[in-house]
Amino acid sequence: MANSNPFFLDQVLFIVLPYVSFALFLLISIRRYIRETFTFSSLSSQFLENKHHFWGLIPFHYGIITILTGHLIGFLIPREVLLWNSIPFRLYVLELTAFVAAVLTLTGLISIIIRRISVPKMKMVTSVADWILFGIFIFQIVTGIYMAIFHSWGSSWFAVTAVPYLVSLFTLSPDITFITAMPWMVKFHIISAYLIIAFFPFTRLVHALVIPNPYLWRKPQVVRWYGKWKSVRHV
Amino acid sequence: MNVRSQIAMVFHLDKCIGCHTCSIACKNIWTDRRGTEYMWWNNVETKPGTGFPTQWENQEKYRGGWKVEDEKLKLRSTSKARIVTEIFHNPSQPSMDDYYEPWTYKYDELFNAPEGPDQPTARPVSMVTGEYINVEAGPNWDDDLGGSPVYAENDPNLKGLSEEQKQQLFAIERLVMFYFPRICNHCLNPSCVAACPSGALYKRGEDGIVLIDQKRCRGWRACIAACPYKKTFYNWSTGKSEKCILCYPRLETGQAPACFHSCVGRIRYLGVLLYDADRLEEVAKLPDDQLIDGQRSLVLNPIDPAVIEAALQNGIHESVVESAQKSPVYKFVKEWKIALPPHIEYRTLPMLFYVPPMSPVMASRNDDTIQSVSDEFFHDIEDARVPLQFLANLFGAGHQAKIIYALKKQKAIRAYRRAVTVGDIDKNSAEKILREADCTPDEADAIYKLTSLCTFEDRFVIPPMHREEAIEMMKDPQYHKSSVGFGFVEGPQRGL
């Protein structure tokens, strides 16, 4: 193993950083959920400004959900993705969908930032953490879009480079051979993803952890009784 | 029969003087915190008027309450499928502009102003941003503006009134208005509870008070759109929704809620109703004109042995049943039938009832002369200054029958009392009038007493809340002896 500095840096960024990020994400989220339950909120600002809100929040959320789902699918079933991509037309459809979603996310986020700056009331509900978040997100989306344009067909090479690396992280036998050879823009994209994960539990992003899935199967009315409040009765 | 107990309320609109003491009592206790300044859990509206938030009764805009579709009860604002798409941006959510931007004044500028030729002024500053603002709307901005073309004419309850009736309402020198105090109705079929994606809203099993669990609320704000009365509010600072809690800490210590306690006109009554929870859905689905009778049929007779037995079996304490037997609300709603629910067509089955107001002067016009006596005693009601249809839109789901019944009875009792105290109406015709209004001398006396001579104890029959059976008592008191207390001890800090 060479002792050259660049390689050492890679080890810090692609082995130490991900483990630290995931640890922070898990431990702080759990701690916050138990100790500071009250702070879990979407912190919606629709009440303060109702018109511009739509044009930022809707494209951003739909865009980012599509993109994240795409990354997850690429990670979970790389073989099937490669198989899908073996016919050029299907590859173009996949890449175009991802690209449109990325552009939606970016325009949504820019719209959100403009709203935060231009509406005076919004300043009262915008924290420093929000601004740091906006910064990392912009960087993350821009590097992603850059890759889609200049390092094309990421949906295919993701399956044979990033997936083995991520799997090696999850199996606790980190192997960064594929990553060290990557262009810097790809490395930046990965690093800022880890920063978002590390930063996640300290910010308003925690609202994504409490998405209201029980609503889909609970009955309409909720009644709680003093003595047996843990067994909430649905009627 | 699934008997439950509910704290229910009656507001006697004929006695409301519109002084807003109730609103201030509530504000000083509950909503003077940051993010809640704009909220009025209790407010008093002038009717006809647009109310708070503006045009809250316009459900085409806000989509509150329930509708019946394919014989099923459905929320108008959301559904299990739509919650997924509307969670990012709720299309029927009111914004601060629909309420008002709260403000205060820079009072110190009055005292610190340098000497000069002008009087110093205290300029208004926004309580949200702290910047100077031009005040364009405020709480009760349309107070007493009965005939105003900006406010009164935009009242959604004017729907279905004839042009003549509208003109009658708005003609100068014939203007008419009455006050409409509102709090959360603590409904039997609350749409706010049903809409909450997180399941944070709930009805307390023991007393039916509807609350928002502040720890489980995630600020998805579905309750705000879903409540047709717009009585859940979004705290923009903490990112949680809040609503009237019927002063449950006061009720638990035997005191009336602050708005009830402070009511100058003594218009407010509070007591227990026992109801059959098994029939809720069936009643909420009835056609508009049967809803009031349906809701009354839900309320059970607390002296019926079968009801008492079922109540005890369901874990309702004996003392609560006793309290239900003395409930003034039961008398107004079920026995005398003069208290009516507001906008029952929203199908939330509200548990706050209103005695409809008599018109200020019940005179009829005969060419150029004003006549206050007509041959038919009850004729004036049909010809009242506040058109019956307007009251029917508010309290009768658009149908006049129940309003006429309630007003007739009130009018008959006035005649009867006049016969008793003044004596210029003879007793026989007074009793005949009572009979025509489906009332007896005994009932008339009882209504008169509970309306005019009522003491604190008559108006507020608060059941023992039996907190000794609550969760705290199941914890070891020794363990908590040196700590800060039970329950919610985390400060309401906004998250990053």
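How many of the residues of helix 16 of chain B are buried? In this predicted model, helix 16, which spans residues 388–395 of chain B, is mostly covered, with eight of its eight residues buried. They are Leu388(B), Gln389(B), Phe390(B), Leu391(B), Ala392(B), Asn393(B), Leu394(B) and Phe395(B). The elements that cover them include helix 5 (163–170), strand 14, helix 15 (379–382) and helix 17 of chain B. Just after helix 16 of chain B, Ala397(B) takes a positive phi of about 55°.

From this helix the view can widen to the whole of chain B, which has 21 helices and 16 strands. The radius of gyration of chain B is 24 Å, close to the 23 Å that the globule rule gives for 496 residues, so chain B is as compact as a globular protein of that length. Taken along the principal axes, the C-alpha atoms of chain B fill a box of roughly 75 × 75 × 50 Å, and buried residues make up 47% of the 496 residues in the chain. Among contacts in chain B between residues at least 6 apart in sequence, 69% join residues that are at least 24 apart.

The interior comes next. The largest nonpolar core has 156 residues, and those with the most contacts inside it are Met9(B), Leu201(B), Val329(B), Phe332(B) and Phe353(B). Helix 17 of chain B, residues 401–421, gives the largest share of this core, seven residues. Apart from this core lies another, of ten residues, which includes Val81(A), Phe158(A), Tyr165(A) and Val186(A). Returning to the largest core, and leaving aside neighbours within four places in sequence, Phe353(B) is in contact with Met9(B), Val10(B), Val329(B), Phe332(B), Val333(B), Ala339(B), Leu340(B) and Pro341(B).

Strand 14 also has a place in an open sheet of four strands in chain B, which has the order 13-12-1-14 and mixed pairing. Strand 13 (299–300) and strand 14 (352–355) of chain B stand at the edges of this sheet, each with a single partner strand, so one side of each is left without a neighbour in the sheet. Strand 12 of chain B, residues 268–276, runs antiparallel to strand 13 of chain B and is joined to it by two bridges; the bridge partner of Tyr275(B) in strand 13 is Val299(B).

The meeting of the two chains can now be followed. The contact takes 45 residues from chain A and 41 residues from chain B. On the side of chain A that touches chain B, helix 2 (52–76), helix 5 (120–123) and strand 1 (222–224) of chain A each supply at least two residues, and helix 2 of chain A gives the most, with five. By class, this side of chain A has 25 nonpolar, 14 polar and six charged residues. Pairing also crosses between the chains, where strand 1 of chain A and strand 8 of chain B, residues 201–204, pair in the parallel sense over two bridges, and Arg224(A) stands opposite Arg204(B) in strand 8 of chain B.

How confident is the prediction in chain B, as given by its mean pLDDT? That mean is 90, and 92% of the residues in chain B reach 70 or more. Within chain B, confidence is lowest in strand 15 (residues 364–366), at a mean of 57, and highest in strand 14, at 98. The model scores ipTM 0.90 and pTM 0.91.

Methods
Residues numbered from 1 in each chain as written. Chains lettered and ligands numbered in written order. Predicted model: local features only at pLDDT ≥ 70, side-chain atom pairs only at ≥ 80, totals over all residues. Core = buried A, V, L, I, M, F, W, Y, C linked by C-beta atoms within 7 Å. Buried ≥ 20, exposed ≤ 12 C-beta atoms within 10 Å, placed from the backbone. Contact = placed C-beta atoms within 7 Å. Pairing = 2+ DSSP bridges. Rg over C-alpha atoms; globule rule 2.2 N^0.38 Å. Nonpolar A, V, L, I, M, F, W, Y, C, P; charged D, E, K, R; others polar. pLDDT = per-residue confidence, 0-100.
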